[in-house]
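Please look through the structure below slowly, with attention to its empty spaces and to the way its strands are arranged.

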Amino acid sequence: MKKLFPLFLQLLISINCISQTFTCSPNDSIVQDIDANSTTILKIDQLISSSVDTVNLEIEVVYNDIPSTWDGLLCIQGFCMGSIVPVGTTAPMVPIHSNLDGYTRLTVNPMGNTGMVKYRVYVYDTNFPDDGDTVTWLLNSVNMTSVKENATKPIRLFPNPAQDWLSLSLSHHEINTLRILNTFGQVVQHHTVNNINNLVINISELPKGIYTIQAESHQGYVNAQQFIKQ
């Protein structure tokens, strides 16, 4: 039994040291305003790791609150699914390699509807299904005509990255609500800021990571920008 232990330990170490065989590019989430009256295409690439030759990826839709009144479809490397498919849908990609990247591509048209929506897909190597990554689209459908009339962005963030405090300069006087969301789309801070131009927020208790701050006006327009908590 003692003779087998070193071999067992080596196998255990090798299993625990297996790293992800792909990465998402440019990152694993998209936070974006989109036009309520037009089609928007949003793609997140899956790039193969340099340590492997070919990777077989599959996807599973794990979150979807896009209303049925929206039009669109989900595509992955190899084919398109014909619609914004529901939670629980699974599908394999065409195998990817050094000359063929994988991708998950969401096409949406809000058909005139406005509001925030989230769509999330889990992407994984079929050989290591527990070592995958989620790709997320957090989208805010707005009337772009009214957005263009607000010539300047309502929020300027500094410093970014930030550690304990985040300063905000608000150039739009009609902002009344600020929300901070984590990468899962969960609200981790909420602030009421009626007619305030400058604000300092304590973010010291937030875990390190990427966050989205939303500024909502009295008219319902939401401006979303990202910052990094160090």
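The largest cavity has a volume of about 90 Å³, where a cavity is a set of points on a 1 Å grid over the protein atoms alone at which a 1.4 Å probe fits but cannot get out, and where the volume is the space filled by probe spheres set on points joined across faces, edges and corners. This is a predicted model, in which local features need pLDDT of at least 70 and side-chain atom pairs count only at pLDDT 80 or more, while totals for chains, interfaces and linings use all residues. Residues are numbered from 1 along each chain as its sequence is written, and side-chain values use heavy atoms, without hydrogens and water.

Of the 14 residues that line the largest cavity (those with an atom within 4 Å of a point), Ser29, Val31, Asn182, Thr183 and Thr212 lie nearest its centre. Strands S2 (29–35), S12 (128–142) and S18 (209–217) each supply at least two residues of this lining; strands are DSSP runs of E with at least two residues, numbered from the N terminus.

Turning to the strands, an open sheet of 5 strands follows the order S1-S3-S10-S6-S7 with antiparallel pairing, two strands being paired if DSSP finds at least two bridges between them. Its edge strands, S1 (22–25) and S7 (79–80), each pair on one side only. Within this sheet, strand S3 (residues 40–48) is joined by 7 bridges to strand S10 (residues 102–109), and the two run antiparallel, with Leu42 standing opposite Leu106 in S10.

Conventions:
Helix = DSSP H or I, 4+ residues; strand = E, 2+ residues; numbered from the N terminus. 1 Å grid on protein atoms, 1.4 Å probe; cavity = no way out; pocket = protein on both sides within 12 Å on 5 of 7 lines; lining within 4 Å.
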